[in-house]
Amino acid sequence: MRTSRLRIAYPARWAGWAALAAGAVLCVVGWYGVSGERYAERQLPYLASCSIPGAALIIAGAVLLAHGRETFAAARAEEPNGLPDEPGRPAGGPLAVAAETLMVPGGTLWHRADCPLVAGKAEAVPVDGRLVASGELRRCPICEPADGTG
C-alpha cells in the first residue's frame with residue numbers, strides 16, 4: 001500500500017509544479033500582450049487565450065501539489081512511525097500494551113502508559129474519564145487504547 005501511494009504522490013507533485021510553471025508563463029505572456037494593446041477589444045484575445053488559462057493552470061497546479069503532499073503524508077503515516085523495534089516486541093507488533101491510560105494536560109489525545117508519545121513524560125497524568133466521554137480527548141492513533149477510564 002505504501003509504495004502505491006508514493007507512486008501516486010511523486011507524479012502529482014511533478015505535474016503540479018509543471019502546471020504552476022506553465023500557468024505562470026501564460027499569465028506573463030497574457031500580461032505582456034494586454035499591456036501592448038491600447039484598446040480593450042484587442043486585449044480580450046490575450047485574456048481569453050493566456051491569462052484565464054494561465055490562472056486555471058496555477059489553480060490546478062496548487063491542487064495537484066496539495067494532493068501530492070496529502071498522499072505523501074498518508075504514505076508516511078502508514079510507516080511504523082520511525083520507531084525502532086524493541087527486542088521484546090515482535091516486528092510490526094503493537095507499540096504499547098499497558099492497561100493504564102495517560103494524557104498530557106492541554107493535549108487532545110489519550111494514550112496507553114507505555115505509548116512512545118507519553119512514556120517517560122513527567123507531565124503525563126491519568127486520564128479523566130469525563131473528558132473521554134465528552135469527546136474532548138481522542139484515542140491515540142499509535143497505541144490505540146481500549147478505554148479512557150485508566
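Confidence in this predicted model varies along the chain: helix 3 (residues 129-134) has the lowest mean pLDDT, at 78, while strand 3 has the highest, at 84. Taken over the whole chain, the average pLDDT is 75, and 70% of the residues score at least 70. Keep those values in mind as we walk through the fold.

Let's start with the overall layout. The chain contains three helices and four strands, and read from the N terminus they follow the order α-α-β-β-β-α-β. Of its 150 residues, 24% count as buried. The accessible surface comes to about 9900 Å², and carbon and sulfur atoms account for 63% of that area. As for how the chain meets itself, take the contacts between residues at least 6 apart in sequence: 59% of these join residues at least 24 apart.

Now turn to the helical part. An unreviewed UniProt entry places the feature "transmembrane region" at residues 12-34 and again at 46-66. In the model, residues 12-34 are 100% helix and 0% strand, with their end C-alpha atoms 32 Å apart. Residues 46-66 are likewise 100% helix and 0% strand, and here the end C-alpha atoms lie 29 Å apart.

A good place to look more closely is S51, which sits in helix 2 (residues 40-77). S51 is buried, because its relative accessible area of 17% falls under the 20% cut-off. Leaving aside residues up to four places away in sequence, S51 touches L26, C27, G30, W31 and Y46.

One of those contacts, C27, leads us to the cysteines. Why is C27 not bonded to C50? The sulfur of C50 is the closest cysteine sulfur to that of C27, but at 8.8 Å it is too far away for a bond, since a disulfide needs the two sulfur atoms within 2.5 Å. C50 is therefore in no disulfide either, its nearest cysteine sulfur being that of C27, and the count of disulfides comes to zero. The two residues also fall into separate accessibility classes: C27 counts as partly exposed at 25% relative accessibility, whereas C50 is buried at 10%.

Charged side chains offer another stop on the tour. Side chains of opposite charge can pair when their charged atoms come close. How many salt bridges does the count come to? The count comes to one, in which the side chains of R42 and E37 meet with an N to O distance of 3.5 Å.

Next, move on to the strands, beginning with L102 in strand 1 (residues 101-103). Is L102 buried or exposed? Its relative accessible area is 11%, so L102 is buried. Beyond residues up to four places away in sequence, L102 touches W110, H111, A113, V118, A124, V125, P126 and V127. V118 is 16 residues from L102 in sequence, yet their C-alpha atoms are 7.6 Å apart in space.

Our last stop is P116, in the loop that runs between strand 2 (109-112) and strand 3 (125-126). P116 is partly exposed, with a relative accessible area of 34%. P116 and C143 are separated by 27 residues in sequence, with 8.3 Å between their C-alpha atoms.

How values were computed
Residues are numbered from 1 along each chain as its sequence is written. This is a predicted model: local features need pLDDT of at least 70, side-chain atom pairs count only at pLDDT 80 or more; totals for chains, interfaces and linings use all residues. Side-chain values use heavy atoms; hydrogens and water are left out. UniProt positions are given in the numbering used here, feature names are shortened, and annotations may be inferred rather than shown by experiment. Helices (H or I, at least four residues) and strands (E, at least two) are DSSP runs, numbered from the N terminus. Buried means under 20% relative accessible area, exposed over 50%, partly exposed in between (1.4 Å probe, protein chains only). Contact means heavy atoms within 4.5 Å. pLDDT is the predictor's confidence in each residue, from 0 to 100. Accessible areas come from the Shrake-Rupley method with a 1.4 Å probe; for residues, only the protein chains shown count as cover. A salt bridge is a side-chain nitrogen of Lys or Arg within 4 Å of a carboxyl oxygen of Asp or Glu.
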